[in-house]
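Q: I would like a close look at one part of this protein, namely its aromatic side chains and the core around them. Please take me through it in one connected account.

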Amino acid sequence: MTDIKAVVRAEHLDIVLTQTVSHDRSSKVRSVSEAGTDPTSGKFFYHIESSDFQQFEDGLRNDSTVGDFERVIETRDDEAIYSFEYTDEAKILSPVISAANGVILDMENDGSAWILTIWLPERTALAQLWDYAQENDIDIDLLRVNEYASLGNTDAGLTDSQREALLVALEMGYFEEPRNATLSDVAANLDISQPAAGGRLRRGIRRLIISSLRDDDEPPD
């Protein structure tokens with residue numbers, strides 16, 4: 001089995017938050033992977049940059065893909081963490097990727113389009129994402145794909161403990177939306193503390209992102 005890390009570009013008006021970023025063109029949206037560990041909350045967290053949060057929130061109020069929202073914390077004058085609830089009209093790519101046993105490592109907007117960095121257990125799993133896109137009239141392009149012998153291969157820079165934590169979290173449904181397991185559940189399965197489990201996942205995800213975005217001839221840091 002050959003793991004892949006793919007970078008794809010997807011665009012459709014009903015992909016969640018697209019209408020908002022189209023309204024506030026100064027906004028930059030990026031997923032917060034380690035937030036929202038309650039699998040029943042239905043809330044999803046994003047890091048937002050905007051020159052005008054009032055304009056951004058006006059966009060949210062008129063966005064058919066967003067239900068309730070909350071500005072959780074303002075980290076700087078032009079940066080904040082928001083939580084959102086999705087409506088039934090939202091087109092969400094993460095369940096399709098989760099169904100293929102994959103993980104979204106990173107997601108951010110490029111104007112009104114979305115750039116996703118994805119880990120999948122094999123290249124053929126991309127077909128499920130492309131089928132969903134075709135069925136829902138989503139424009140999608142493959143920007144980059146890197147292949148590795150396995151998730152635990154040193155090409156990805158993962159330690160054994162990071163690999164184990166990522167696989168346990170994946171199998172338990174920690175990366176699904178909504179989550180089927182909390183960080184506490186993952187920690188209990190690994191028989192380590194919750195902070196230790198969170199650290200392993202963050203470091204492992206970071207290594208996967210670096211390995212997927214790094215050029216093949218660029219040495220790992």
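How many aromatic pairs does a search of the whole structure find?

A: In this predicted model, a search of the whole structure finds six aromatic pairs. One pair to look at closely is that of Phe-53 and Tyr-82, whose ring centres lie 6.0 Å apart with the planes at 40°, so the pair is tilted. Because Phe-53 belongs to helix 2 and Tyr-82 to strand 5, this pair ties together parts that are 29 residues apart in sequence. Both Phe-53 and Tyr-82 are buried, and they join Tyr-46, Phe-56 and Phe-84 in one aromatic cluster.

Two members of that cluster, Tyr-46 and Phe-84, reappear in the largest nonpolar core, which has 37 residues and in which Leu-17, Tyr-46, Phe-84 and Leu-116 touch the most other members. Among the elements that each supply at least two residues of this core are strand 3 (44-49), helix 2 (53-61) and strand 5 (79-86). Leu-17 makes contact with both Tyr-46 and Phe-84, and its other partners, leaving aside residues up to four places away in sequence, include Val-29, Leu-60, Val-66 and Trp-114. Another core, of 20 residues, lies apart from this one and includes Trp-119, Ala-169, Tyr-174 and Ala-187.

As for confidence, the protein chain has an average pLDDT of 84, with 85% of the residues scoring at least 70. Over residues 35-40, however, the pLDDT is below 50, although this stretch has 15 contacts in the model beyond near neighbours in sequence. Where pLDDT is low, the predicted coordinates should not be read in detail.

Note on methods: Residues are numbered from 1 along each chain as its sequence is written. This is a predicted model: local features need pLDDT of at least 70, side-chain atom pairs count only at pLDDT 80 or more; totals for chains, interfaces and linings use all residues. Side-chain values use heavy atoms; hydrogens and water are left out. pLDDT is the predictor's confidence in each residue, from 0 to 100. Contact means heavy atoms within 4.5 Å. A nonpolar core is a set of buried Ala, Val, Leu, Ile, Met, Phe, Trp, Tyr and Cys residues joined through side-chain atoms within 4.5 Å. Buried means under 20% relative accessible area, exposed over 50%, partly exposed in between (1.4 Å probe, protein chains only). Helices (H or I, at least four residues) and strands (E, at least two) are DSSP runs, numbered from the N terminus. Rings of Phe, Tyr and Trp (its six-membered ring) pair if their centres lie within 6.5 Å; planes under 30 degrees apart count as stacked, over 60 as edge-to-face and the rest as tilted.
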